[in-house]
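Here's a walk through one protein fold, written for someone who likes to check things in a viewer. Have a look at the sequence and the structure, then read on.

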Amino acid sequence: MEKNTKWIIGAIVVVLVIWLGYSMSGTQEPKETGPIKIGIIAPLSGEAASWGDNFLAGAELAKKEINDAGGVNGRLIEFIVEDDQCKSATGVSAINKLISIDKVNVIAGPICSSVGGPALPIAQNNAIPTIIVASAP
């Protein structure tokens with residue numbers, strides 16, 4: 001994986017975490033005290049797996065650096081990773097699981113536009129901040 005790709009992906013995760021930390025800061029006590037759950041949706045198998053592997057490697061690097069520095073407002077970052085295989089039906093199932101079962105705070109991904117099209121309205125309807133990383137075949 002190119003060094004620039006890792007930095008770009010790491011920067012995206014850092015922006016997500018900073019935004020989440022900023023949105024929870026202020027005079028009020030944080031509503032949650034456990035880890036910050038970030039859902040990762042990426043193709044980890046299939047034709048676009050190299051895109052997903054690169055994305056996940058960059059995200060893991062950013063998570064390690066942030067957690068080693070004490071997390072965000074004392075809360076560590078936890079990833080919940082779903083393989084969408086760059087398929088829309090699998091991606092829809094993944095985003096529903098992340099939102100309904102895993103109760104993630106934010107979602108990074110999907111990478112494939114074939115997943116993003118049907119999956120992102122689900123995140124939007126549930127008010128879950130979501131960042132699309134790129135667009136793969």
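What follows goes from the overall layout to the sheet, and then to one helix and one of its prolines.

## Overall layout

First things first: this is a predicted model. The protein has four helices and four strands, and reading from the N terminus they come in the order α-β-α-β-α-β-α-β.

How much of the protein is buried? Of its 137 residues, 42% are buried. As for contacts between residues at least 6 apart in sequence, 71% of them join residues at least 24 apart.

## The sheet

The strands make an open sheet of four, ordered β2-β1-β3-β4, with parallel pairing. At the edges sit β2 (77-83) and β4 (130-131), each with pairing on one side only. Helix α3 (residues 88-100) packs on this sheet and touches β1, β2 and β3. The direction of α3 makes about 155° with that of β2.

If you're colouring by connectivity, try β1, helix α2 (residues 49-68) and β2: together they make a right-handed β-α-β unit.

## Strand β1 and its neighbours

Strand β1 has a partner on either side in the order β2-β1-β3-β4. With β2, the parallel pairing runs over seven bridges. With β3 (residues 106-108), β1 (residues 36-42) also pairs in the parallel sense, over three bridges.

Glycine 39 is a handy spot to see both pairings. Its bridge partner in β2 is isoleucine 80, while in β3 the partner is isoleucine 107. Isoleucine 40, for its part, stands opposite alanine 108 in β3. Why is β1 largely enclosed by the rest of the structure? Six of its seven residues are buried, so there's the reason.

## Helix α4

Now for helix α4 (residues 113-125), where a quick length check is easy. With 13 residues at 1.5 Å each, α4 should span 18 Å, and its end C-alpha atoms are indeed 18 Å apart, so the two values agree. Even so, α4 has a kink of about 40° at alanine 119, shortly before proline 121. Just after the helix, alanine 127 takes a positive phi of about 55°.

Which residues of α4 are buried? They are Val115, Gly116, Ala119, Ile122 and Ala123. An α-helix has 3.6 residues a turn, so residues three or four places apart point the same way. That's worth keeping in mind when you look at the buried set, which includes Val115, Ala119 and Ile122. Among the elements covering the buried residues of α4 are α3 and β4.

## Proline 118

Helix α4 also holds proline 118. Is this residue buried or partly exposed? Proline 118 has 35% relative accessibility, so it counts as partly exposed; the cut-off for buried is under 20% and for exposed over 50%.

What does proline 118 touch, leaving aside residues up to four places away in sequence? The contacts are Ser88 and Val92. Serine 88 is 30 residues from proline 118 in sequence, yet their C-alpha atoms are 6.7 Å apart in space. Serine 88 falls within helix α3 (residues 88-100), and α3 is among the elements that cover the buried residues of α4.

Definitions and conventions: Residues are numbered from 1 along each chain as its sequence is written. This is a predicted model: local features need pLDDT of at least 70, side-chain atom pairs count only at pLDDT 80 or more; totals for chains, interfaces and linings use all residues. Side-chain values use heavy atoms; hydrogens and water are left out. Two strands pair if DSSP finds at least two bridges between them. Helices (H or I, at least four residues) and strands (E, at least two) are DSSP runs, numbered from the N terminus. Contact means heavy atoms within 4.5 Å. Axes are lines fitted to C-alpha atoms, for helices over the stretch in contact, and angles run from 0 to 180 degrees between N-to-C directions. Buried means under 20% relative accessible area, exposed over 50%, partly exposed in between (1.4 Å probe, protein chains only). A crossover is right-handed if, with the strands pointing away from the viewer, the path from the first strand over the helix to the second runs clockwise. The expected span of a helix is 1.5 Å times one less than its number of residues. The bend at a residue is the angle between axes fitted to the seven residues ending there and the seven starting there.
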